[in-house]
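Please find below my note on the model you sent, set out as numbered points for discussion.

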Amino acid sequence: MEHSISPDGARFYALRFLPGQEVFAGLHAFVKKNHIHAGWIAGCTGSLSDVALRYAGREGTTRLTGTFEVISLNGTLELTGEHLHLAVSDPDGAMLGGHMMPGCTVRTTLELVIGELTSLSFSRQPCPVSGYDELVVTPRK
């Protein structure tokens with residue numbers, strides 16, 4: 001279920017992903033369905049059974065399976081991509097975090113609040129400094 005409000009150029013959605021749902025697929029479907037051009041993760045709580053992270057300065061994806069609490073999920077969302085960082089804790093409270101990659105699976109629930117800046121559009125363009133596709137912000141047409 002989704003709900004939205006629109007105060008002063010921003011819209012907010014509240015949604016829940018169910019056990020077994022892959023987070024990237026769910027976010028991509030949500031962004032596409034709602035035509036989100038300039039979104040961000042305003043809040044997130046829940047748990048994962050599978051975690052996929054790219055650690056700082058590394059190219060490969062690290063995959064973990066077990067019981068993990070989501071401590072933080074933040075970043076930007078748009079129709080053409082996303083940039084998300086995820087921090088999780090294991091059953092002993094040890095924390096891991098990095099760039100969130102496809103392959104994260106909801107264990108019990110993932111409760112999200114997503115904001116959208118309704119007068120802007122986000123996109124990604126190659127950056128010669130970082131070597132990655134980076135955020136470009138433009139007025140929405």
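The points go from the overall fold to the aromatic pairs.

1. As a preliminary remark, this is a predicted model, and the values discussed here are computed from its atoms. The protein has one helix and nine strands, and, read from the N terminus, the order of these elements is β-β-α-β-β-β-β-β-β-β. The radius of gyration is 15 Å, close to the 14 Å that the globule rule gives for 141 residues, so the protein is as compact as a globular protein of that length.

2. On overall dimensions, the C-alpha trace spans about 45 × 40 × 20 Å along its principal axes. Among contacts with a separation of 6 or more, 60% are accounted for by residues 24 or more positions apart.

3. Turning to burial and surface, 38% of the 141 residues count as buried, while the protein exposes about 7700 Å², of which carbon and sulfur atoms supply 57%.

4. As to charge, the protein carries 11 positive and 14 negative side chains, and the centres of these two sets lie 6 Å apart.

5. How many aromatic pairs does a search of the whole structure find? The search finds two. In one, Phe12 and Trp40 are arranged edge-to-face, with 5.7 Å from centre to centre and 85° between the planes. This pair links distant parts of the chain, since Phe12 belongs to strand β2 (residues 10-17) and Trp40 to strand β3 (residues 39-54), 28 residues apart. As regards accessibility, the cut-offs are under 20% for buried and over 50% for exposed, with partly exposed in between; Phe12, at 27% relative accessibility, therefore counts as partly exposed, and Trp40, at 25%, likewise counts as partly exposed.

6. The other pair is formed by Tyr13 and Phe30, which are also edge-to-face, at 5.1 Å centre to centre and with 90° between the planes. Tyr13 lies in strand β2 and Phe30 in helix α1 (residues 23-34), so this pair ties together parts that are 17 residues apart in sequence. Are these two residues, Tyr13 and Phe30, buried or exposed? Both Tyr13 and Phe30 are buried, whereas Phe12 is partly exposed, as is Trp40.

7. Taken together, the two pairs involve strand β2 through Phe12 and through Tyr13, with the partner ring supplied by Trp40 of strand β3 for Phe12 and by Phe30 of helix α1 for Tyr13. A text describing this model could present the two pairs side by side, giving the burial of Tyr13 and Phe30 along with the partial exposure of Phe12 and of Trp40.

Key
Residues numbered from 1 in each chain as written. Predicted model: local features only at pLDDT ≥ 70, side-chain atom pairs only at ≥ 80, totals over all residues. Heavy atoms only, no water. Helix = DSSP H or I, 4+ residues; strand = E, 2+ residues; numbered from the N terminus. Rg over C-alpha atoms; globule rule 2.2 N^0.38 Å. Buried < 20%, exposed > 50% of the residue type's maximum accessible area, 1.4 Å probe, protein only. Contact = heavy atoms within 4.5 Å. Areas by Shrake-Rupley, 256 points an atom, 1.4 Å probe, with all protein chains shown as cover. Lys, Arg positive; Asp, Glu negative; His and termini not counted. Charge placed at Lys NZ, Arg CZ, Asp CG, Glu CD. Phe/Tyr/Trp six-rings, centres within 6.5 Å; stacked < 30°, edge-to-face > 60°.
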